[in-house]
Amino acid sequence: MELSDLPEGIDPAQMIALASSIGHNKACGVSYHAHGADWCELMLPYQANLASDAGTGILASGPIFTLMDMATSISIWLAKGKFQSQATLDMRIDYLRPARPGNTIYGRGECYHMTRTVAFVRGQAHDGDPDKPIAHVAGTFFFTDS
(Lines give C-alpha, C1' and ligand atoms only; values in the text may rest on other atoms or scores of the structure.)
Protein backbone atom coordinates (compact mmCIF):
# COMPACT_ATOMS: atom_id res chain seq x y z
CA MET A 1 0.00 0.00 0.00
CA GLU A 2 1.18 3.52 -0.80
CA LEU A 3 0.17 6.73 1.00
CA SER A 4 -1.79 7.74 -2.12
CA ASP A 5 -3.84 4.51 -1.79
CA LEU A 6 -5.26 5.53 1.59
CA PRO A 7 -9.03 6.09 1.61
CA GLU A 8 -10.62 9.55 1.90
CA GLY A 9 -10.36 10.81 5.44
CA ILE A 10 -7.16 10.52 7.41
CA ASP A 11 -6.19 7.82 9.89
CA PRO A 12 -2.91 9.15 11.36
CA ALA A 13 -2.15 5.87 13.15
CA GLN A 14 -2.39 3.99 9.84
CA MET A 15 -0.31 6.61 8.03
CA ILE A 16 2.46 6.49 10.65
CA ALA A 17 2.45 2.69 10.69
CA LEU A 18 2.94 2.72 6.92
CA ALA A 19 5.59 5.48 6.89
CA SER A 20 7.46 3.87 9.80
CA SER A 21 7.72 0.51 8.09
CA ILE A 22 10.54 1.52 5.73
CA GLY A 23 13.83 3.38 5.51
CA HIS A 24 14.82 6.22 7.79
CA ASN A 25 11.44 6.36 9.50
CA LYS A 26 11.73 2.68 10.42
CA ALA A 27 15.22 3.23 11.83
CA CYS A 28 13.94 6.08 14.04
CA GLY A 29 10.94 4.11 15.34
CA VAL A 30 8.44 6.98 15.31
CA SER A 31 4.87 5.97 16.25
CA TYR A 32 1.43 7.54 16.62
CA HIS A 33 0.28 9.10 19.91
CA ALA A 34 -2.74 11.43 19.37
CA HIS A 35 -4.35 13.86 16.93
CA GLY A 36 -7.06 16.49 16.43
CA ALA A 37 -8.62 18.32 13.49
CA ASP A 38 -5.40 20.16 12.52
CA TRP A 39 -2.68 18.66 14.74
CA CYS A 40 -0.86 15.38 15.22
CA GLU A 41 1.32 14.14 18.06
CA LEU A 42 3.86 11.39 17.50
CA MET A 43 6.29 9.56 19.79
CA LEU A 44 9.96 8.73 19.41
CA PRO A 45 10.89 6.07 21.99
CA TYR A 46 14.44 6.37 23.31
CA GLN A 47 16.98 4.18 21.53
CA ALA A 48 20.63 4.24 22.59
CA ASN A 49 21.73 3.75 18.96
CA LEU A 50 20.17 7.16 18.11
CA ALA A 51 22.32 8.98 20.68
CA SER A 52 24.74 11.59 19.34
CA ASP A 53 27.31 10.62 21.98
CA ALA A 54 27.25 7.14 23.51
CA GLY A 55 28.92 8.53 26.65
CA THR A 56 26.08 10.91 27.48
CA GLY A 57 23.17 9.03 25.90
CA ILE A 58 21.72 12.31 24.60
CA LEU A 59 19.55 11.76 21.54
CA ALA A 60 20.89 13.15 18.25
CA SER A 61 19.03 16.02 16.59
CA GLY A 62 18.30 14.13 13.34
CA PRO A 63 15.65 11.78 14.78
CA ILE A 64 13.95 14.73 16.50
CA PHE A 65 13.88 16.59 13.18
CA THR A 66 12.37 13.49 11.52
CA LEU A 67 9.73 13.28 14.26
CA MET A 68 8.74 16.91 13.80
CA ASP A 69 8.73 16.74 9.99
CA MET A 70 6.34 13.77 10.16
CA ALA A 71 4.08 15.33 12.81
CA THR A 72 3.76 18.61 10.91
CA SER A 73 3.22 16.78 7.60
CA ILE A 74 0.35 14.76 9.01
CA SER A 75 -1.17 17.87 10.60
CA ILE A 76 -1.59 19.27 7.09
CA TRP A 77 -3.40 16.16 5.85
CA LEU A 78 -5.66 16.30 8.90
CA ALA A 79 -6.45 19.98 8.27
CA LYS A 80 -7.19 19.23 4.58
CA GLY A 81 -9.16 16.11 5.42
CA LYS A 82 -7.28 14.10 2.80
CA PHE A 83 -3.85 13.03 1.67
CA GLN A 84 -2.16 15.32 -0.84
CA SER A 85 1.43 15.01 -2.05
CA GLN A 86 3.66 17.68 -0.54
CA ALA A 87 7.29 18.51 0.03
CA THR A 88 8.96 20.22 2.96
CA LEU A 89 9.85 23.66 1.61
CA ASP A 90 11.38 25.02 4.80
CA MET A 91 11.67 23.69 8.36
CA ARG A 92 13.31 25.65 11.12
CA ILE A 93 13.98 23.91 14.40
CA ASP A 94 15.20 25.75 17.47
CA TYR A 95 16.70 23.40 20.07
CA LEU A 96 16.13 24.74 23.56
CA ARG A 97 17.81 21.95 25.51
CA PRO A 98 18.93 18.34 25.09
CA ALA A 99 16.43 15.53 25.57
CA ARG A 100 16.89 13.57 28.78
CA PRO A 101 18.51 10.19 28.04
CA GLY A 102 16.07 7.29 28.30
CA ASN A 103 12.91 9.38 27.81
CA THR A 104 10.40 9.12 24.99
CA ILE A 105 10.20 12.28 22.88
CA TYR A 106 6.75 13.60 21.95
CA GLY A 107 6.41 15.79 18.88
CA ARG A 108 3.24 17.78 18.21
CA GLY A 109 2.76 19.48 14.87
CA GLU A 110 -0.03 21.89 13.95
CA CYS A 111 -1.14 23.25 10.57
CA TYR A 112 -2.28 26.80 11.28
CA HIS A 113 -2.71 28.23 7.76
CA MET A 114 -3.02 27.03 4.15
CA THR A 115 -3.08 28.65 0.77
CA ARG A 116 -3.78 26.89 -2.52
CA THR A 117 -0.13 25.81 -2.82
CA VAL A 118 1.54 26.17 0.61
CA ALA A 119 0.79 25.01 4.16
CA PHE A 120 2.22 26.70 7.26
CA VAL A 121 3.05 24.61 10.33
CA ARG A 122 4.46 24.93 13.83
CA GLY A 123 5.08 22.60 16.70
CA GLN A 124 7.16 21.54 19.64
CA ALA A 125 8.94 18.49 21.00
CA HIS A 126 9.22 17.54 24.67
CA ASP A 127 10.33 14.56 26.71
CA GLY A 128 7.42 14.26 29.11
CA ASP A 129 6.59 17.83 30.14
CA PRO A 130 5.07 20.06 27.43
CA ASP A 131 5.89 23.09 29.59
CA LYS A 132 9.61 22.28 29.21
CA PRO A 133 10.06 21.82 25.44
CA ILE A 134 13.18 20.41 23.83
CA ALA A 135 12.56 22.21 20.55
CA HIS A 136 10.19 24.47 18.63
CA VAL A 137 9.62 24.18 14.89
CA ALA A 138 8.13 26.37 12.19
CA GLY A 139 7.88 25.40 8.57
CA THR A 140 6.20 25.47 5.21
CA PHE A 141 5.19 22.69 2.86
CA PHE A 142 4.52 22.99 -0.87
CA PHE A 143 1.73 20.95 -2.46
CA THR A 144 3.26 19.00 -5.34
CA ASP A 145 -0.03 18.16 -7.06
CA SER A 146 -3.40 19.90 -7.37
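These are brief notes on the helix, strands and ring contacts of a predicted model.

1. Ground rules. The model is predicted, so local features need pLDDT of at least 70 and side-chain atom pairs count only at pLDDT 80 or more, while totals for chains, interfaces and linings use all residues. Residues are numbered from 1 along each chain as its sequence is written, and side-chain values use heavy atoms, with hydrogens and water left out.

2. Helix H3. This helix covers residues 61-80. Helices (H or I, at least four residues) and strands (E, at least two) are DSSP runs, numbered from the N terminus. The expected span is 1.5 Å times one less than the number of residues. For the 20 residues of H3 that gives 28 Å, and the end C-alpha atoms are 29 Å apart, which agrees. Glycine 81 follows H3, with a positive phi near 80 degrees.

3. Burial of H3. Buried means under 20% relative accessible area, exposed over 50%, and partly exposed in between (1.4 Å probe, protein chains only). In H3, 14 of the 20 residues are buried, so the helix is largely enclosed by the rest of the structure.

4. Isoleucine 64. This residue belongs to H3. Its relative accessibility is 2%, so it counts as buried. Contact means heavy atoms within 4.5 Å. Leaving out residues up to four places away in sequence, isoleucine 64 touches Leu44, Leu59, Ile93, Tyr95, Ala125 and Ile134. Its C-alpha atom is 9.1 Å from that of tyrosine 106, and the two residues are 42 apart along the chain.

5. Serine 75. H3 also holds serine 75. Serine 75 is buried, at 0% relative accessible area. Its side chain reaches the backbone nitrogen of cysteine 111 at 3.2 Å. Beyond four places in sequence, the residues that serine 75 touches include Asp38, Trp39, Cys40 and Val121.

6. Strands E1 and E2. Strands pair if DSSP finds at least two bridges between them. E1 (residues 31-35) and E2 (residues 39-44) run antiparallel and are joined by four bridges. Alanine 34 has glutamate 41 in E2 as its bridge partner. The hairpin from E1 to E2 passes through three residues.

7. Strand E6 and its partners. E6 (residues 135-143) pairs with E3 (residues 86-95) in the antiparallel sense, over nine bridges. Here arginine 92 is the bridge partner of alanine 138 in E6. E6 also pairs with E5 (residues 118-126), again antiparallel, over eight bridges. Alanine 125 stands opposite alanine 135 in E6.

8. Aromatic pairs. Rings of Phe, Tyr and Trp (its six-membered ring) pair if their centres lie within 6.5 Å; planes under 30 degrees apart count as stacked, over 60 as edge-to-face and the rest as tilted. The structure has two aromatic pairs. Tryptophan 77 and phenylalanine 83 are tilted, 4.9 Å centre to centre with 55 degrees between the planes. Tyrosine 112 and phenylalanine 120 have ring centres 6.5 Å apart and planes at 50 degrees, so this pair is tilted.

9. Exposure of those rings. Tryptophan 77 is buried at 8% relative accessible area, whereas phenylalanine 83 is partly exposed at 23%. Tyrosine 112 is partly exposed at 41%. Phenylalanine 120 is partly exposed at 25%.

10. Charges over rings. A charge sits over a ring if NZ of Lys or CZ of Arg is within 6 Å of the ring centre and within 35 degrees of the ring normal. Arginine 108 places its charged end over the ring of tryptophan 39, 3.7 Å from the centre. Lysine 80 lies over the face of phenylalanine 143, 4.5 Å from the ring centre.

Methods:
Polar contact = N/O pair within 3.5 Å; in protein donor to acceptor, adjacent residues only side chain to side chain.
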